[in-house]
4 protein chains.
Amino acid sequence: MKIQSILLGAVLLSTGYSQAQTDDGVLRLTEFAYPVKRQLLNIPNVNGYQILKCDFHMHTVFTDGHVWPNVRIQEAWREGLDAISYTEHMEYNPHSADVKVDHNRSHDLAIDLAKENNIVLVKGTEITRQTPPGHFNALFIQDANALIADNDPKLDQAAIDKADEQKAFIFWNHPGWKATTIPGSYEWIDFVEKMYQAKKLHGIEVVNGLGFHKKALDWALDRNLTIIGNTDIHNLIAHDYAIERPGVHRTMTLVMAKDRSAAGIREALDAGRTVVWSSKYLFGKEENVRALAHACLAISPSYHEKTNGKTQDKTKYYEIKNNSDLYFELELKQGKGTKRLVLYPESTQILTAEAGQQKLSYEIVSTYIRSDKHLQFEINLK
Amino acid sequence: MKIQSILLGAVLLSTGYSQAQTDDGVLRLTEFAYPVKRQLLNIPNVNGYQILKCDFHMHTVFTDGHVWPNVRIQEAWREGLDAISYTEHMEYNPHSADVKVDHNRSHDLAIDLAKENNIVLVKGTEITRQTPPGHFNALFIQDANALIADNDPKLDQAAIDKADEQKAFIFWNHPGWKATTIPGSYEWIDFVEKMYQAKKLHGIEVVNGLGFHKKALDWALDRNLTIIGNTDIHNLIAHDYAIERPGVHRTMTLVMAKDRSAAGIREALDAGRTVVWSSKYLFGKEENVRALAHACLAISPSYHEKTNGKTQDKTKYYEIKNNSDLYFELELKQGKGTKRLVLYPESTQILTAEAGQQKLSYEIVSTYIRSDKHLQFEINLK
Amino acid sequence: MKIQSILLGAVLLSTGYSQAQTDDGVLRLTEFAYPVKRQLLNIPNVNGYQILKCDFHMHTVFTDGHVWPNVRIQEAWREGLDAISYTEHMEYNPHSADVKVDHNRSHDLAIDLAKENNIVLVKGTEITRQTPPGHFNALFIQDANALIADNDPKLDQAAIDKADEQKAFIFWNHPGWKATTIPGSYEWIDFVEKMYQAKKLHGIEVVNGLGFHKKALDWALDRNLTIIGNTDIHNLIAHDYAIERPGVHRTMTLVMAKDRSAAGIREALDAGRTVVWSSKYLFGKEENVRALAHACLAISPSYHEKTNGKTQDKTKYYEIKNNSDLYFELELKQGKGTKRLVLYPESTQILTAEAGQQKLSYEIVSTYIRSDKHLQFEINLK
Amino acid sequence: MKIQSILLGAVLLSTGYSQAQTDDGVLRLTEFAYPVKRQLLNIPNVNGYQILKCDFHMHTVFTDGHVWPNVRIQEAWREGLDAISYTEHMEYNPHSADVKVDHNRSHDLAIDLAKENNIVLVKGTEITRQTPPGHFNALFIQDANALIADNDPKLDQAAIDKADEQKAFIFWNHPGWKATTIPGSYEWIDFVEKMYQAKKLHGIEVVNGLGFHKKALDWALDRNLTIIGNTDIHNLIAHDYAIERPGVHRTMTLVMAKDRSAAGIREALDAGRTVVWSSKYLFGKEENVRALAHACLAISPSYHEKTNGKTQDKTKYYEIKNNSDLYFELELKQGKGTKRLVLYPESTQILTAEAGQQKLSYEIVSTYIRSDKHLQFEINLK
């Protein structure tokens with residue numbers, strides 16, 4: 001209603017279900033109001049680390065996005081994210097006829113709201129060079145306006161150096177973006193190799209929106225670069241993702257952090273402790289994906305045994321639980337037991353196994369620990 | 001993804017359900033993508049008029065809204081609306097440090113997109129005077145910048161006159177907005193009476209967002225002013241309304257128009273042929289609500305008769321159908337039959353009646369034809 | 001609550017949304033109650049025929065199903081079906097230790113409830129022979145108990161003859177049911193050929209539950225047999241189908257009937273006027289699928305034209321509407337226009353085409369007019 | 001599909017999302033299949049007790065229910081229940097013309113399936129006397145057939161005694177069932193007083209289905225009887241409850257048990273450690289409701305402080321988390337802070353409080369610790 005402050009802290013609290021009569025002759029018809037809440041994304045701690053849900057790539061009206069900065073905080077709050085980063089394009093400002101260009105502005109406008117909503121706001125920007133080399137995000141910067149906004153290819157290297165001077169965490173965005181229109185752009189190009197050699201490249205965005213850049217995953221794995229996934233959202237999250245359906249979430253980077261803070265995130269990114277979660281899939285280094293899967297999945301002791309009347313074979317019954325909001329799909333590779341297990345968020349399945357076995361070996365086909373490889377996962381039977 | 005045009009015409013068409021391998025090493029994980037579509041809001045024609053779904057009150061970043069203008073077209077398209085109007089505040093521009101003030105700009109930026117998406121865009125503005133008298137929307141104007149942006153109370157009348165000079169359709173917004181904080185503001189004040197006498201007031205917004213301004217409905221009915229309902233949306237529609245749930249929709253004005261055009265809407269507004277639809281409720285002049293209900297509800301001939309073994313009473317069975325996306329809730333007032341009927345969108349209920357009756361008299365308790373009066377509705381039994 | 005009659009006519013009417021205080025010290029907590037209603041499945045008439053939604057294959061506790069007969073009426077009513085048929089196994093009665101065997105009983109128990117709920121109940125049974133030849137449904141019989149319940153293979157032919165004597169409409173169920181366990185059973189076997197020659201085989205169930213029997217579709221097409229699809233439900237519909245999700249429905253046969261009656265259905269089945277609807281797909285004879293698609297899909301006149309600044313190419317804009325609850329997915333085969341159109345239920349998409357064309361040729365990939373062939377569909381541009 | 005075993009253990013495992021080609025010419029159209037899973041109902045342990053989700057009142061075709069016994073196991077499994085009890089009417093057998101009367105049969109038919117699905121099956125029955133005194137459930141019996149099935153009022157006391165001989169846990173069902181039709185039946189009648197004195201009455205069903213029997217709650221509290229809530233389901237759970245909507249669940253008794261077993265449940269029932277959960281509400285003894293609320297709700301340390309520019313008042317920000325699938329609605333009674341908090345399942349809200357306070361006092365209006373009293377709940381601020 002009329003003349004609103006962009007501060008939504010207070011607004012978020014005023015919700016309700018049922019029709020309510022106020023004392024002022026205005027009847028509130030609240031049946032169709034959205035139930036405002038911050039939905040928990042449950043993922044258990046992994047090896048003592050908290051799992052922070054982060055999206056490090058997004059835009060607002062201050063470059064080519066469709067929303068005022070506050071909307072990004074609001075979306076993150078509702079969806080249960082811990083941290084986001086505004087990464088406006090340095091070199092691309094299509095709204096400049098209407099909106100004053102200031103590369104720090106979306107961050108600065110949102111910082112108080114982020115604090116009120118308990119969202120960690122990481123200051124960032126998108127270095128938007130022509131492809132190749134394309135786009136790079138620089139996180140943990142101090143002043144975006146001090147970077148280079150001139151898109152002259154001769155300044156590509158200087159643009160990276162400027163970010164590096166601010167001790168940015170730099171990752172290469174969506175390497176396969178123009179794979180079909182600019183041949184040679186979806187390769188491990190010299191420019192990137194030099195960045196890597198100079199330790200100015202720290203990660204690769206292997207999932208951008210709902211696109212999984214397969215080769216990029218392998219590049220990151222081979223060079224021990226941090227694996228990142230983001231929305232790169234320009235429109236509303238609810239436009240691109242069917243987030244109202246149970247189990248649906250935006251693409252994000254799961255950061256295994258010592259604490260819930262910008263510093264905690266930086267330490268984890270530097271150490272490469274990330275897993276990307278997009279659609280039903282997890283992407284990451286084998287050790288990280290394995291640790292995450294082990295934290296989320298639990299097998300019960302056998303609670304029942306059944307003997308086949310004809311063959312006298314014994315079948316044991318177990319319950320396998322997914323105590324997270326992630327999704328796991330397993331296919332049996334070795335042993336005699338349930339061949340396929342779909343572990344929906346916060347649910348269990350019955351697992352049956354022939355008696356006398358110590359373990360079953362599955363492949364979690366909803367994970368990628370390389371572009372062509374799923375995680376092998378052993379289940380010990382008790 | 002990166003550097004998007006704000007034109008969403010093309011974007012709207014690129015959708016899909018299942019995971020798809022492109023030829024460029026980028027795997028699309030589309031399970032969680034939003035199924036982009038323009039949802040039909042089915043309401044049958046009424047007395048030969050089309051029912052246009054209209055929202056005549058909304059904001060963008062150009063005043064105090066949270067979105068770029070294109071988002072409003074996108075929302076309207078998805079939700080099946082026919083017409084919208086940008087009504088930026090003339091006298092309130094909290095984003096002026098960042099966004100250049102131009103009261104026509106949101107309309108002008110969106111007009112091409114509206115055409116591509118087959119949305120009727122009615123040029124409008126919100127005359128935002130201090131309360132009282134408060135806010136008025138002026139629709140069908142030519143140039144908002146020619147109106148008065150100075151909030152000096154001495155110019156209140158001049159502001160209205162300027163809009164009238166452009167032959168605007170003018171309605172009073174949310175009369176009860178400051179009922180509790182500014183005593184006397186939620187009354188039929190002199191300023192408004194003068195407008196009415198001078199034929200410069202044509203309608204009243206009796207539902208604003210999810211607030212039903214009860215006294216305002218009666219004022220409109222008593223003076224034959226057009227009854228209007230709008231979202232006055234500043235945030236995302238999906239923030240304020242749970243539109244992903246089946247049956248949930250934004251607040252809107254149903255306009256009974258001769259054709260689907262700006263001119264058709266104007267003619268209908270001038271003629272007062274509107275019903276407001278908000279939450280489960282319909283608000284309007286009795287004749288309009290009645291015509292709408294008759295168009296939407298149909299009773300079948302009796303298809304079954306049952307005789308009570310003990311009393312030999314005969315019960316006849318009918319099917320009552322709601323062939324619209326509206327919601328109707330009926331309570332029996334006269335006759336012997338089903339006491340309560342909830343007619344959800346696009347559904348039927350069984351209605352039983354004692355044999356030998358010609359009709360049943362119900363009250364549609366989900367309608368308001370006055371702040372304290374529901375529509376009486378007779379069902380003829382065959 | 002306690003001691004209920006199985007008649008649900010009355011129960012169906014007692015519904016509501018909000019918490020209600022009764023006068024007896026019992027507070028009704030109705031927020032979580034199911035909103036009882038008969039959901040319309042909107043499909044427009046086709047060539048003057050009504051589209052009846054029918055499921056001719058289901059079971060109850062009287063053979064190996066999991067529900068009392070009334071539940072099947074209740075499910076059909078809620079889901080908007082017009083007609084169902086109980087088809088209990090003649091030769092398989094695993095509940096006989098607890099439930100008295102009577103092959104007419106489920107029909108007889110439900111007939112009054114069907115009448116009250118305006119559901120057409122077609123009397124049927126499942127002739128359950130060993131595979132091959134397997135199972136056949138006989139519809140429109142008078143007395144199932146007069147048929148043969150002895151599963152001796154020597155009586156296979158006699159079992160069919162008995163049904164034929166009652167002038168049954170007979171179709172072969174799920175021909176590929178035991179394709180992998182009984183080699184040779186999923187073939188056009190002699191037994192079936194003889195039935196066909198003797199005009200005792202009238203249709204084939206090409207979709208059973210969510211299984212599409214591909215070869216069976218071609219057999220039916222080549223011999224002009226009626227194409228049938230059913231649930232063969234044993235469990236709850238809500239167990240096998242995610243019917244609470246918008247757009248999800250059970251497998252059914254769409255019957256193009258002159259009127260909504262058992263006789264109307266019989267005439268249409270004899271004439272072969274059916275299309276099977278399962279998941280997102282339609283299966284049937286080309287003429288029937290084509291007529292259905294034309295009834296459901298409508299293209300608007302062009303409402304907008306845009307000229308490309310560089311090339312001066314003109315693009316015309318159209319709206320294509322799916323005015324049914326079916327789902328259509330189209331891929332462009334000829335002409336210059338939108339390449340892929342997903343027409344969700346009751347929705348529209350924007351279609352763009354290069355100016356100067358008379359038509360575009362699409363393939364509706366969500367239809368099967370042969371196991372390897374989709375419907376070709378021309379869109380005339382205005 | 002055809003000839004199914006009623007054992008669903010195996011069936012439950014064979015699920016999936018996407019369309020799959022089998023090798024037998026049958027294409028599986030799985031988009032619309034129900035995603036079979038056991039949904040976790042997350043409620044943290046309370047004072048070291050597990051919270052078992054139990055429904056101790058339900059019917060099958062063996063008396064007047066609509067389903068075969070296996071369906072109740074299937075429903076319980078899907079919904080995340082731990083324990084159920086078949087409580088067929090001893091004295092009411094409307095299906096006896098078709099189904100052989102055996103009061104143990106539904107339990108016996110389901111026991112193996114219960115074991116396979118890891119559901120605790122408590123043997124029970126419903127002693128169905130004329131009202132008054134009405135109906136009583138007897139749990140933990142050995143043989144229902146040894147009880148009295150004769151509905152002669154002179155045998156009312158003997159029927160109870162027979163159950164008591166089997167050391168049953170006995171509770172009075174839905175005391176207000178016939179409040180309006182049998183005056184005097186919804187009172188603390190002599191018959192019940194005698195049972196209570198003789199220690200043959202151990203609990204009261206204060207919520208039956210979606211009906212909260214208000215006086216019954218107070219009777220139980222005043223006499224320290226165990227508070228029970230059940231579905232008393234006859235139809236499908238999905239018929240009476242909108243369980244497909246997020247957050248919707250059947251009515252159940254939350255049992256605070258030492259272990260997940262029949263013995264564990266019995267011990268907890270005897271000790272009165274229960275809370276009833278129905279719709280959005282919790283009902284129980286104050287100490288149990290309080291312990292449950294404290295286990296589910298957590299307040300963070302203050303993470304932000306804001307100073308009002310004009311008044312120099314300081315506001316502190318906290319996050320209040322509901323780490324359960326329950327629902328809590330709080331209204332502020334003392335202190336200066338957020339006035340209303342709606343804590344949806346697995347979500348958080350922002351709580352703001354004026355600086356300098358030690359605590360805020362709320363009332364949890366979604367709880368009943370007496371028919372007219374909600375739980376008072378203090379939040380300590382850090």
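Between chain D and chain C the count is 2 salt bridges, a salt bridge being a side-chain nitrogen of Lys or Arg within 4 Å of a carboxyl oxygen of Asp or Glu. In one of them, the side chains of D:R105 and C:D98 meet at 2.6 Å, N to O. This is a predicted model, in which local features need pLDDT of at least 70, side-chain atom pairs count only at pLDDT 80 or more, and totals for chains, interfaces and linings use all residues. Residues are numbered from 1 along each chain as its sequence is written, chains are lettered from A and ligands numbered from 1 in the order in which they are written, and side-chain values use heavy atoms, with hydrogens and water left out.

The interface that holds these salt bridges involves 77 residues of chain D in contact with 76 residues of chain C, where contact means heavy atoms within 4.5 Å. The size of an interface is often given as the accessible area lost when the parts come together. Chain D and chain C bury about 6600 Å² between them, 59% of it on carbon and sulfur atoms; this area is the accessible area (1.4 Å probe) that two parts lose on being put together, summed over both.

A turn of 180° with a shift of 0.0 Å along the axis lays chain D on chain C with an RMSD of 0.0 Å. The same surface serves both copies, as 99% of the contact residues of chain D recur in chain C. Copies are superposed by least squares on the C-alpha atoms of residues with pLDDT of at least 70 in both.

Chain B is laid on chain A in the same terms: a turn of 180°, a shift of 0.0 Å along the axis and an RMSD of 0.0 Å. These two copies are thus related as by a two-fold rotation axis. Of the interface residues of chain B, 99% are also interface residues in chain A, so the copies meet through the same surface. No contact joins chain A and chain C, and their closest C-alpha atoms lie 8 Å apart. Chain B and chain D are likewise not joined by any contact, with closest C-alpha atoms 8 Å apart.

Within chain B, strand β8 covers residues 135-139, and 5 of its 5 residues are buried, meaning under 20% relative accessible area with a 1.4 Å probe, protein chains only (exposed is over 50%, partly exposed in between). Strands (E, at least two residues) and helices (H or I, at least four) are DSSP runs, numbered from the N terminus. In a regular strand the side chains alternate between the two faces of the sheet. From β8(B), B:H135, B:N137 and B:L139 point one way, and B:F136 and B:A138 the other.

Two strands pair if DSSP finds at least two bridges between them. Strand β7 (residues 124-128) of chain B runs antiparallel to β8(B), joined by 5 bridges, and B:T128 stands opposite B:H135. The two strands form a hairpin with 6 residues between them, and B:G134 in the turn has a positive phi of about 95°. β8(B) also pairs in the antiparallel sense with strand β9 (residues 169-172) of chain B over 4 bridges, with B:N137 opposite B:F171.
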